[in-house]
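The following exercises are to be worked through with the sequence and the model in view. Each task is followed by a solution in steps.

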Amino acid sequence: MHEHLQTSEAANYVGLAAVTLERMRLSGEGPVFAKLGKSVRYRRADLDNWVASRLVRSTSEVTGS
């Protein structure tokens with residue numbers, strides 16, 4: 001597997017729809033990404049870190065998701 005994922009691959013990796021990841025990218029809520037010309041790429045490590053940063057113990061910890 002390669003290190004740099006396209007939006008659809010990254011979305012699949014974290015269990016989201018590509019359109020959701022695109023919306024999150026526009027709003028700044030999503031994981032960091034690289035813009036390479038017209039292409040957007042995600043690193044697996046950044047996706048893992050983003051998911052880890054969103055871990056909660058209770059639904060009361062979730063704000064506005």
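**A turn after the first helix**

Just after α1, Gly 15 takes a positive phi of about 80°. The structure is a predicted model, in which local features need pLDDT of at least 70, side-chain atom pairs count only at pLDDT 80 or more, and totals for chains, interfaces and linings use all residues. Residues are numbered from 1 along each chain as its sequence is written, and side-chain values use heavy atoms, with hydrogens and water left out. Helices (H or I, at least four residues) and strands (E, at least two) are DSSP runs, numbered from the N terminus.

**Exercise 1.** Determine the order of the strands in the sheet.

*Solution.* Step 1: two strands count as paired if DSSP finds at least two bridges between them. Step 2: β1 is joined to β3 (residues 39-43) by 2 bridges, with Leu 5 opposite Tyr 42 and His 4 opposite Arg 43. Step 3: β2 pairs with β3 over 3 bridges; one of the partnerships is Lys 35 with Val 40. Step 4: the 3 strands therefore form an open, antiparallel sheet in the order β1-β3-β2. β1 (4-5) and β2 (34-36) stand at the edges with a single partner strand each, so one side of each has no neighbour in the sheet.

**Exercise 2.** Identify the buried residues of helix α1 and what they pack against.

*Solution.* Step 1: buried means under 20% relative accessible area, exposed over 50%, and partly exposed in between (1.4 Å probe, protein chains only). Step 2: in α1 (residues 7-14), Thr 7, Ala 10 and Ala 11 are buried. Step 3: seen down the axis of α1, the buried residues fall within an arc of 100° (taken from the directions from the helix axis to the C-beta atoms), so they line one face of the helix. Step 4: these residues pack against β1, α2 (18-27), β3 and α3, where contact means heavy atoms within 4.5 Å.

**Exercise 3.** Which residues make up the largest nonpolar core, and which faces of β3 do its side chains point to?

*Solution.* Step 1: a nonpolar core is a set of buried Ala, Val, Leu, Ile, Met, Phe, Trp, Tyr and Cys residues joined through side-chain atoms within 4.5 Å. Step 2: the largest has 7 residues, namely Leu 5, Ala 10, Ala 11, Leu 21, Val 40, Tyr 42 and Leu 47. α1 and β3 each supply at least two of them. Step 3: along β3, Val 40 and Tyr 42 point to one face and are buried, whereas Ser 39, Arg 41 and Arg 43 point to the other and are not.
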